[in-house]
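Work through the following exercises with the sequence and the coordinates open beside you. Each task is followed by a solution that goes step by step.

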Amino acid sequence: MTAELRVDGLPHPGRTLVVGVVNVTPDSFSDGGEWLDPDDAIVHGLELLAEGADLVDVGGESTRPGAVRPTQEVELARVIPVIQALSAAGGIVSVDTMRSEVAEQAVAAGARAINDVSGGQADPRMLATVARLEVPYVCMHWRGHSADMQSRAVYADLAAEVTAELSKQIEQVLAAGIRRDRLILDPGFGFAKTGEHNWELLNHLDDLDALGYPILYGLSRKTFLGTLLATPDGRPRPARERDDASLALTTLLAQRRVWAVRVHRVRSTCDAIAVVERMRRG
């Protein structure tokens, strides 16, 4: 029940938070290219905020398996105008980046949190930068870049290894000077994990809760849901047609009162959480 945990500088409504996804990329697995133009991304971000997103997560680098990294200059050109506009409109914005320079410029542009899928391992300056910026930080379980991460999806004991590796990352984060009440964990579903690994990890949520930190769950439209919903001849359900399954999983997580879910469809997610919370109140 990590919804009870507070993160300094972010909302604390006492329920599962909803983080809306704004991918300013040509190649994200779920909506690549749809919001690549900054103006389109701004409109989309404003829509997600109007639908009830507690914050929006703006990213300029696809992290789908096999993705090629953009240059830092390209990433900055994608995300900074969007962050500026959404922040100026009153939205709470996080930046999804593995680069310390992008993080720094994003915070200067109005971002209030940094979501780093590498957990500080991709850029040796990231953790010190975050500590200096004094903003919340999402640290994800990570074993390598998108180009080869799936070759590292080998575990003898998945839950034990993920929690042990996250524990090491936590030690590094705290040692860098990032405050404990600004740290959020992400188990990294789909990152160096097969579909079966994702299901197994979902059956060990107590192990993740035992780490004692707020946890962000990014499961929306993931490939393992497409595999679950495959046609009889084995064709996975396309990413944009996985929203109902994503919502079902989000509802189950909201019943556990996880800290936050990162989703592509905000309105339906907010509706589901509202129902869960009303039922919880009896």
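**The sheet and its order**

In this predicted model, 8 strands form an open sheet in the order 6-5-4-3-2-1-8-7, and the pairing is parallel. Strand 6 (183–186) and strand 7 (216–217) stand at the edges, each with a single partner strand, so one side of each is left without a neighbour in the sheet. Strands and helices are DSSP runs (E, at least two residues, for strands; H or I, at least four, for helices), numbered from the N terminus, and two strands pair if DSSP finds at least two bridges between them.

Residues are numbered from 1 along each chain as its sequence is written. Because the model is predicted, local features need pLDDT of at least 70 and side-chain atom pairs count only at pLDDT 80 or more, while totals for chains, interfaces and linings use all residues; side-chain values use heavy atoms, with hydrogens and water left out.

**Exercise 1.** Determine how strand 2 (residues 55–59) is joined to strand 1 and to strand 3, and whether its residues are buried or exposed.

*Solution.* Begin with strand 1 (residues 17–23), which runs parallel to strand 2 and is joined to it by 5 bridges; here Gly20 stands opposite Val56, and Val22 stands opposite Val58. Next take strand 3 (residues 93–96), which is joined to strand 2 by 4 bridges, again in parallel; Val95 is the bridge partner of Val58, and Asp96 in strand 3 faces Gly59.

Then turn to the burial of strand 2, where 5 of its 5 residues are buried (under 20% relative accessible area, with exposed meaning over 50% and partly exposed in between, for a 1.4 Å probe and protein chains only). Leu55, Asp57 and Gly59 point one way from strand 2, whereas Val56 and Val58 point the other way. In strand 3, Val93 and Val95 point one way and Ser94 and Asp96 the other, and all are buried.

**Exercise 2.** Describe how helix 3 (residues 100–108) and helix 4 (residues 126–133) pack, and establish what covers the buried residues of helix 4.

*Solution.* First consider the geometry: the two helices, helix 3 and helix 4, pack at an angle of about 15°, with their axes 9 Å apart, where axes are lines fitted to C-alpha atoms, for helices over the stretch in contact, and angles run from 0 to 180 degrees between N-to-C directions. Helix 3 and helix 4 are therefore roughly parallel (angles under 35 degrees).

Second, list the contact, defined by heavy atoms within 4.5 Å: Ser100, Ala103, Glu104 and Val107 in helix 3 meet Met126, Thr129, Arg132 and Leu133 in helix 4.

Third, assess the surroundings of helix 4: 6 of its 8 residues are buried, so helix 4 is largely enclosed by the rest of the structure. The buried residues are Met126, Leu127, Thr129, Val130, Ala131 and Leu133, and what covers them includes helix 3, strand 4 (113–116), strand 5 and helix 5. Just after helix 4, Glu134 takes a positive phi of about 60°.

**Exercise 3.** Locate Arg221 and Arg257 in their loops, and state what phi each takes.

*Solution.* Arg221 lies in the loop between strand 7 and helix 8 (223–228), has a positive phi near 65°, and counts as buried at 3% relative accessibility. Arg257 belongs to the loop between helix 9 (243–255) and strand 8 (260–263); its phi is positive, about 60°, although Arg257 is not a glycine, and its relative accessible area of 3% makes it buried.

Methods: Parallel < 35°, antiparallel > 145°, perpendicular 65-115°, else oblique.
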